[in-house]
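Biologist: Please take one part of this model and look at it closely, beginning with the element itself and moving outward to whatever surrounds it. I would rather have one connected account than a list.

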Amino acid sequence: MNFVKSGNSPKKASRVFGINKMTINRWYLHYKSKGHFHPKIRLGAHFTIEKESFIQY
């Protein structure tokens with residue numbers, strides 16, 4: 001979100017980070033409406049990536 005907030009386009013962010021542009025748009029809209037981009041808490045769900053690994057990435 002910092003990349004997009006600093007004036008870069010979602011399209012450019014998708015190329016830089018290798019993430020679909022629509023995903024970035026959804027995340028940005030969620031960030032603008034909620035003020036954060038934390039995922040919803042899903043009871044019983046298991047993550048496929050460790051939080052620390054994602055933060056380091």
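Modeller: What follows is a close look at helix 3, residues 21-34, with its surroundings added step by step.

The model is a predicted one, and its 57 residues hold four helices and zero strands, which in sequence order gives the pattern α-α-α-α. The C-alpha trace extends over about 35 × 25 × 20 Å along its principal axes, and 12% of the residues are buried.

Helix 3 itself has 14 residues, and at 1.5 Å a residue they should span 20 Å; the C-alpha atoms at its two ends are 20 Å apart, so the expected and the computed span agree. The buried residues of this helix are Thr23, Ile24 and Tyr31. When one looks down the axis of helix 3, these buried residues fall within an arc of 95°, and therefore they line one face of the helix. The other side of helix 3 carries exposed residues, namely Arg26, Leu29, Lys32 and Ser33.

The two ends of the helix can be described in turn. At the start of helix 3, Asn20 places a side-chain oxygen within 2.7 Å of the backbone nitrogen of Met22. After the helix comes Gly35, which has a positive phi, near 85°.

Of the buried residues, Thr23, which belongs to helix 3, has a relative accessible area of 17%, and it counts as buried because the cut-off is under 20%. Thr23 and Ile49 are 26 residues apart along the chain, and 18 Å separates their C-alpha atoms.

The next step is to ask what lies over the buried face. The cover of the buried residues of helix 3 includes helix 1 (2-5) and helix 2 (10-17). From helix 2, one can follow Ser14, which is itself buried with a relative accessible area of 14%. Once neighbours within four places in sequence are set aside, Ser14 is in contact with Ile19, Asn20, Lys21 and Ile24. Two of these residues have already appeared here: Ile24 as a buried residue of helix 3, and Asn20 as the residue whose side-chain oxygen reaches towards Met22 at the start of that helix.

A second approach to Ile24 comes from the segment before helix 1, where Met1 lies. Met1 has a relative accessibility of 18% and so counts as buried. Although Met1 and Ile24 are 23 residues apart along the chain, their C-alpha atoms are separated by 8.3 Å. With neighbours within four places in sequence left aside, the contacts of Met1 are Ile24, Trp27, Tyr28, Tyr31 and Phe37, and among them Ile24 and Tyr31 are buried residues of helix 3.

Trp27 and Phe37 lead on to the largest pocket, which has a volume of about 1300 Å³. Its lining is made up of 25 residues, and those closest to the pocket centre are Trp27, Phe37, His38, Pro39 and Phe54. The elements that contribute two or more residues to this lining are helix 1, helix 2, helix 3 and helix 4 (51-56). Helix 3 contributes the most, with four residues.

For contrast, one may turn to the loop between helix 3 and helix 4, where Gly44 is found. With a relative accessibility of 67%, Gly44 counts as exposed. Its C-alpha atom is 32 Å from that of Ala13, the two residues being 31 apart in sequence.

Taken together, helix 3 presents a face lined by its buried residues, with helix 1 and helix 2 included in what covers them, while exposed residues stand on its other side.

Conventions:
Residues numbered from 1 in each chain as written. Predicted model: local features only at pLDDT ≥ 70, side-chain atom pairs only at ≥ 80, totals over all residues. Heavy atoms only, no water. Expected span 1.5 Å × (residues − 1). Buried < 20%, exposed > 50% of the residue type's maximum accessible area, 1.4 Å probe, protein only. Arc of directions from axis to C-beta. Contact = heavy atoms within 4.5 Å. Polar contact = N/O pair within 3.5 Å; in protein donor to acceptor, adjacent residues only side chain to side chain. 1 Å grid on protein atoms, 1.4 Å probe; cavity = no way out; pocket = protein on both sides within 12 Å on 5 of 7 lines; lining within 4 Å. Points joined across faces, edges and corners; volume = space filled by probe spheres on them.
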